[in-house]
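The exercises below ask you to trace how side chains and helices are arranged in one protein chain. Keep the structure open beside you, and try each task before reading its solution.

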Amino acid sequence: MIWFLIPVVAVLALVAYAAGLAVAKRRAEGAKAHSRPQQHGYYALIWVAAPALAIIILAGAFSGPVTQNLVSAGAPEAVQQMEPFRRDAFLNDARLLGEGQRPFQTWAAPFDNLLVSEAARSARIQQTLLWGELAGALIAALLGGLLAFAQIGPNMRARNRVEGWIGGLLLACSVVAILTTVGIVFSLLWDALRFFERVPVTEFLFGIQWSPQTAIRADQVGSTGAFGAVPLFAGTFLIMLIAMAVAAPVGLFSAIYLSEYAGPVTRGVVKPLLEVLAGVPTVVYGFFAALTVGPAFREFFNGIGALLVGGPLDGIGQYLLLVQNQMALVAGAVMGIMLIPFVSSLSDDIINAVPQSLRDGSYAMGATKSETVSRVLLPAALPGIAGALLLAVSRAIGETMIVTMAAGLAANLTLNPLDTVTTVTVQIVTLLTGDQEFDSAKTLAAFGLGLTLFLVTLLLNVVAQRIVQTYREQYD
């Protein structure tokens, strides 16, 4: 609810800008000012908006815990004597009812009457805090505005101060991005180390049995589970290979056509249509794979199997008759369709970046368009194209939804594209779905897989950057 104050602060900031602009013009009459009036207006806007936004952010971060503590501290004795879980559920329902929402559960007497009274008290506390937050934001904006207007004058370096604020904002955004990355790595590393304390790294990286389901009793068979991730790596590699076999040639040839052969009208139609594929949600690709591509592939291979049965290749025919909708080939093919715009768009931009003088020189030497493309443009754009392909590989390795819906969940150690396989990302989702205990090897295995996936994608991105930086050729 605190966020409704942001429009109020925005209005105050615009008023401060207009007032700062007028004050700067009036005080600069007959004198040579260091900064323009607009920069004084921006300075006043910043000093009104920044303190108020700081109060709003702090209130948004701490108002929830403060409200919960106040409601809990003043709860009736009957509520205080409840079990902690039920007490928290009761107070949460009271808060929801006080906000005009429906509680999660129905409470029997006498707690139903207490729920109404506690909801009213929770609403009063929230209303009081809201008015306090509004007053704090307005006071902070007023004090900041008074400080800014007291400094506005011809000799004030408003431009330098505004640019300093902007530089500080950009630095803060950079720090947030860096700290987010560090937090992700630290969280993965911490829980992955806990997993590797239970399961040796060698077993995880080189084991060929993946069965993370642990038994309830220690005397049950397989109670310790099997955490060999090689089947997951093999499935990830197989699907990625199939996807790139589809995306790389189609995307690259599409980029060559759009860059060198298509006219302006054709390019203006085809390129946006290709890029639309990048905006399709992966769950839609999953539905397409499960409902269209999978049955089509099954019918195709079953038909081939029916033709082979009874002949010299009867064994292969019998196998093809057993092909189901879910297989690595289906997931890889649909994933390759999804990756086409990544490869085509990046490759098209890279080919267009090759200087026109190289094309003109090739044509002047008597080369045809195809010879120019194969012997001049592609070698010149090869580092960028290689980087684009490696980025597409990283995208393929991290895909989850298509594999879940089209390739199955079986951890099979196979390179047969007609078998069901699973990938690292699918297993991460499977391990962390539902209520989990984050103190068992089964759940912590997800963090081991996540750390491995993170390191692999990071390595691919670094290799892509190094290829581009090392082999980039500069043309005059």
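**Exercise 1.** Find the helix that holds R267, and work out which residues are linked with R267 in a network of salt bridges.

*Solution.* Begin with the position of R267, which lies in helix α9, and keep in mind throughout that this is a predicted model. Next, consider its accessibility: with a relative accessible area of 23%, R267 is partly exposed, because a residue counts as buried under 20% and as exposed over 50%. Then follow the charged partners, and you will find that R267, K271, E275 and D348 are linked in a network of salt bridges. As a last step, look back along the chain to Y257, which is 10 residues away from R267 and whose C-alpha atom is separated from that of R267 by 8.9 Å.

**Exercise 2.** Examine the salt bridge between K271 and D348, and decide whether each partner is buried or exposed.

*Solution.* First locate the contact itself, where the side chains of K271 and D348 meet at 2.9 Å, taken from N to O. The next step is to place the partners: K271 belongs to helix α9 (residues 264-276) and D348 to helix α12, so this pair ties together parts that are 77 residues apart in sequence. Finally, compare the accessibilities with the cut-off of 20%: K271 is buried at a relative accessible area of 15%, and D348 is buried at 0%.

**Exercise 3.** How many salt bridges does a search of the whole structure find, and what do the pairs E260 with R359 and E399 with R395 look like?

*Solution.* The search of the whole structure finds seven salt bridges. One pair to study is E260 and R359, whose side chains meet at 2.8 Å, N to O. Since E260 lies in helix α8 and R359 in helix α13 (residues 356-364), the pair ties together parts that are 99 residues apart in sequence. Both partners fall under the cut-off for burial, E260 with 10% relative accessibility and R359 with 6%. Turn now to E399 and R395, where the closest N and O atoms of the salt bridge are 3.0 Å apart; here E399 counts as buried at 4%, whereas R395 is partly exposed at 28%.

**Exercise 4.** Determine which helix supplies the largest share of the largest nonpolar core, and which helix supplies the largest share of the nonpolar surface patch.

*Solution.* Start with the largest nonpolar core, which has 59 residues, those with the most contacts inside it being F195, W210, I239, M335, L339 and L449. Several helices each supply at least two residues of this core, among them α6 (158-198), α8 (230-261), α12 (328-352) and α17 (441-471), and the largest share, 10 residues, comes from α17. Then move to the surface, where V283, V284, F287, L291 and M401 form a nonpolar patch with about 430 Å² of accessible area together. Helix α10 (residues 282-308) gives the largest share of the patch, four residues, while M401 is found in helix α15 (residues 401-406) and is partly exposed, with a relative accessible area of 34%.

**Exercise 5.** Compare the span of helix α2 with its expected span, and find where in α2 a kink lies.

*Solution.* Helix α2 (residues 37-73) has 37 residues and reaches 53 Å from its first C-alpha to its last, which is close to the 54 Å expected at 1.5 Å a residue. Following α2 along its length, you meet a kink of about 45° at F62, shortly before the proline P65.

Key
Residues numbered from 1 in each chain as written. Predicted model: local features only at pLDDT ≥ 70, side-chain atom pairs only at ≥ 80, totals over all residues. Heavy atoms only, no water. Patch = residues over 30% accessible without salt bridge, like charges linked within 9 Å, V, L, I, M, F, W, Y side chains within 5 Å. Areas by Shrake-Rupley, 256 points an atom, 1.4 Å probe, with all protein chains shown as cover. Salt bridge = Lys/Arg side-chain N within 4 Å of Asp/Glu carboxyl O. Buried < 20%, exposed > 50% of the residue type's maximum accessible area, 1.4 Å probe, protein only. Expected span 1.5 Å × (residues − 1). Bend = angle between axes of the 7 residues up to and from the residue. Core = buried A, V, L, I, M, F, W, Y, C linked by side-chain atoms within 4.5 Å.
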